[in-house]
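Visitor: Could you take one part of this structure and show me it up close? Please keep the sentences short.

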Amino acid sequence: MKNIRLTSVLALGILASVGAASAAENCRVVNMGFNPAQDSAAVLTNGTAIAKYLESKVRGIQVKTTVAQDYQALVEATRSGKLDFAWLSPVSYVQAHDEAKAQVLLKSVRNGGPYYWAAFVVRKDSGIKSLNDMRGKTIAWIDPNSAAGYTFPRATLVAKGVNPDTFFSKQTFAGKHDAAVLALANGSVDVIATFSNNTSGTSGSWTQYLPADKAAALTPVVYSKPIPGDTLSVRADYQAGCADVTTRIRSAIVGMSSDPAAAGLLKKLYTIDSMIPAKDSDYNVVRQAIAASAKK
């Protein structure tokens, strides 16, 4: 009987070890998804560089990267468990949190602050100088889940008593910010809704994606309220099962801005200066904008 009990104890010990090993293996391979806010090939290249950096800082992990086809696909991949971490826009984060229990870990800082703005941008020679001048013009939004490229600019119009669906003569989606500024510069549309890094007109998608001479021909005419920075978020059940790896990855990304070998990686990815801790309530203003943008 004594031998039987000893065998049982050993068996339970082995099973526990196997379970721990299995859990460790599940945590070791990290699937990280990136937002296709701009040229997907460039995002993948820069995202892969960040993955390599994380592998060098968090011992034993392997980071697999992917760039989603669009904003919604990134949310769906989080919901389905295909991604453990995702670089989500503010609107996509709210959707992923509310529908897939994603948890925000970090938010982006640019130009010294954890905010950016939406801007309606036009060509300087268009004669459009105010919101009223945009009436009857054609507009390119970015994506229905883009904070700066759809939700906040629409909420801005609604707050001013404007119905976005009847205000413009034609609405299209450019899909990415770089495609939108190119369409505007080429005269394919009259107005675009895109991101701005300040409210002085000196830094935004048009200065980031266009040569200086073409960028100088464009100008913002209306800005939104400040938008909290885009996020690094984690799938809730991954965080629960892999708390140590989650904490280490979070710390490694926070430390990138002070590491000379990594400081430029975030800048290349999404022109981010640094990533700082964030909490879900930071994005209540996004929930309010989503509700406002749906009004007509």
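Guide: Glutamine 38 is buried, with a relative accessible area of 8%. Buried means under 20% relative accessible area, exposed over 50%, and partly exposed in between (1.4 Å probe, protein chains only). This is a predicted model, where local features need pLDDT of at least 70, side-chain atom pairs count only at pLDDT 80 or more, and totals for chains, interfaces and linings use all residues. Residues are numbered from 1 along each chain as its sequence is written, and side-chain values use heavy atoms, with hydrogens and water left out.

Glutamine 38 sits in the loop between β1 and α2. Helices (H or I, at least four residues) and strands (E, at least two) are DSSP runs, numbered from the N terminus.

Now look at the contacts (heavy atoms within 4.5 Å). Neighbours within four places in sequence are left aside. Glutamine 38 then touches Val43, Lys176, Asp178, Gln208, Tyr209, Lys268, Leu269 and Tyr270. Aspartate 244 is 206 residues from glutamine 38 in sequence and 32 Å from it in space, C-alpha to C-alpha.

Follow the contacts to helix α12, residues 263–270. Its buried residues are Leu265, Leu266, Leu269 and Tyr270. They lie on the same side of α12, because they cover an arc of only 95 degrees around the axis. That arc is taken from the directions from the helix axis to the C-beta atoms. Their cover includes β1 (29–34), α2 (40–57), β3 (85–88), α11 (243–254) and β12 (274–277). After α12 comes threonine 271, with a positive phi near 50 degrees.
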